[in-house]
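Visitor: I should like to learn how features such as helices, strands and burial are read from a model. May we work through a case together?

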Amino acid sequence: MIHPYKLAIEGFGNIIGPLKIRFRGQGVRVIKAKNGTGKTTILSSIAWVLYGKPLKNGSTVETWEHKRPQNYLGTKVSFKFKKHGVKYQVIRCKDYRGTVLGRVGKNHLMLVIDGEEYTEYQNKRDLQKKLELIMGQNYELFTNTVIFPQKITRFIELKGAQRKEILEEVFDISFITQGYELANNKLKELAEQGHTISKKIVELESSIWNKEHSVELLEKIDSEIADKVLMLRTKVTGLETELLELTHSKPRTAEKVTIKIANIRNSEIFQQLSTKMHNLTVQEQYLTDRVSDRKKLEKKIKKAKYSDKEDVSCEVCGQTLDTKASKKVLDKLLSDLVIVEKKASTLSTAVTKLKIDTQSGSAMLQEVCSLEEQKKNIKNKLATWEKGDRAKAIVEVKIESLQEEIKRVLDTDNSEAIQVYKDEAEELEETLDKEEVLNRKNIKQQDIYKFLAQKVFSKNGFKAFLLDMAIKDINTILSKYADQTGFLVELEIADNAYRDVQAIIYVDDYPVIYQDLSGGESKMINASISLSLAEFMGNRGSMNLLALDEITENLDSENQERVGNIISTIGEEKDVWIITHSPYLVIPNAEIVHLDSEEGVINKLYI
């Protein structure tokens, strides 16, 4: 509960002051004065010092310039109150040239807590929020539950959404609206965080895939390298085998065969045999020639025998011979034939004898031929081996080249790079695990805040439940006032999407429209609602102050009496201030407060 205990006004409206008012905590005080003397200014100064707004929207808070005395310093209002044993003082200035808390007042808003100025907030707006947090209500609620100015839109005249906002403040469930906003804001924040985390997870999974893919490629390359090394080593083994064969395939020398052939050829027997074989060859050729001559002569003789039938030509000049000449030629040929036959016979005998003589050396000749063949083979093999020696050099070069290629392939070792990629992938997976934990936590938190925003703090959630319960309490108070005013007012939640607050007025148990009521009736309705809200706030520990400006205006004496009785009851527990011109408003045990003013300027207040 807030307990005001002192108000000081200086240079505010038509109050020059300084005007000081002490609050006693309970009882009713009625302020009476002429019109225009500034009765409402007192109430307006309280609203202004606490919220920076006067009761009359757009009105000037400074004293009119033509009313200012020479020592006018500007506007300053101080309001002191207690809450939970802590003393607070609020000071608000407007173009104030005097000293306040050790410095020029200017346009400052100052807050003092238990004698020390609160300096945590230098910004005026932040300090105002702090002050409203201490007060526990905003300006709209303040002007509907603490101070009821004369010219202000009443609760019942407000729109449904505005009524709902005021009731949320009255019932102190505005925290649910704040909770809804906080839950939604947190939900948006978590959604953004979730998006960031999800994006990071995708990036990490992509990076891990790249690392693992790189490992697979390098391992595949290593496998191909191993296969290639195996292939190269197989080739080397084959070449080494070939080289070994070439190294051990050198033929024996042909020197011994050559010596043996020379010994045979140099022997006396082989020499004689060679001479005889040479002679045999000559004789055989000569015999062959004689045999050829014989064949020619036989042809000529045969031709000569037929000379009588055909002409015979001279072998020298080619002239045709007569018969006698042809006869002589024939005889000559026959004689030559006999000689040739004898020579051929003699040669044939000689050749036969030579062949018999040479048969004894055929074995030796065959051996020589065999040795010559061996020598030829050896020479061929040597030639081949010499070619193989060159092939061996080529093979050695190939082996060396393959060994260098194997070394180069083996030098391309990817094991270190593979291990680096594996380590990096493992680190990324650890980071991914952490991000997935954060993501699950984020999703869980989003579910919680969705539940809070959509179920707990929504219009149909816990807020609606509390509002319904609080409205029942208000309606209970309103029904109590109905017995005194004759009008029953009930508040209820509209059955629409906005769930606004409706006010239903009953006269003789029948609902009526507010616009159909007379001025006095509407005044009674507003009074009952205002007093009900004030009582409800009082029950919930609100400000121990109720200020009513012309609350009985347009009411007849009977209704004014009813309102007076209600106010008197409230004054037993609360400090009530009434501004009125009505002589019919009689409140038992009320104190009358008078304002002393000259030319419309209030100088002092006395009881």
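Guide: The dialogue below takes up a helix, a sheet and two single residues in turn. This is a predicted model, in which local features need pLDDT of at least 70, side-chain atom pairs count only at pLDDT 80 or more, and totals for chains, interfaces and linings use all residues. Residues are numbered from 1 along each chain as its sequence is written, and side-chain values use heavy atoms, with hydrogens and water left out.

Visitor: Why does the distance between the end C-alpha atoms of helix α2 agree with its number of residues?

Guide: Helices (H or I, at least four residues) and strands (E, at least two) are DSSP runs, numbered from the N terminus. The expected span of a helix is 1.5 Å times one less than its number of residues. Helix α2 (residues 124-135) has 12 residues and should therefore span 16 Å, and its end C-alpha atoms are indeed 16 Å apart.

Visitor: Which residues of α2 are buried, and which exposed residues lie on the face turned away from them?

Guide: Buried means under 20% relative accessible area, exposed over 50%, and partly exposed in between (1.4 Å probe, protein chains only). In α2 the buried residues are Leu 127, Gln 128, Leu 131, Ile 134 and Met 135. Seen down the helix axis, they fall within an arc of 120° (taken from the directions from the axis to the C-beta atoms), so they line one face of α2. The face turned away from this buried side carries the exposed residues Arg 125, Lys 129 and Leu 133.

Visitor: What is found at the two ends of α2?

Guide: At its start, a side-chain oxygen of Asn 123 reaches to within 2.8 Å of the backbone nitrogen of Arg 125. Just after α2, Gly 136 takes a positive phi of about 80°.

Visitor: In what order do the strands of the open sheet lie?

Guide: Two strands pair if DSSP finds at least two bridges between them. Here three strands follow the order β13-β14-β15, with antiparallel pairing. β13 (488-493) and β15 (510-512) stand at the edges with a single partner strand each, so one side of each is left without a neighbour in the sheet. Six bridges join β13 to β14 (residues 501-507); Ile 493 has Val 501 in β14 as its bridge partner.

Visitor: Is Ser 44 buried or exposed? And what of His 594?

Guide: Ser 44, in helix α1, counts as buried at 8% relative accessibility. His 594, in strand β18 (residues 591-598), counts as partly exposed at 33%. The C-alpha atoms of His 594 and Ala 33 are separated by 6.4 Å, although these residues are 561 residues apart along the chain.

Terms used. Polar contact = N/O pair within 3.5 Å; in protein donor to acceptor, adjacent residues only side chain to side chain.
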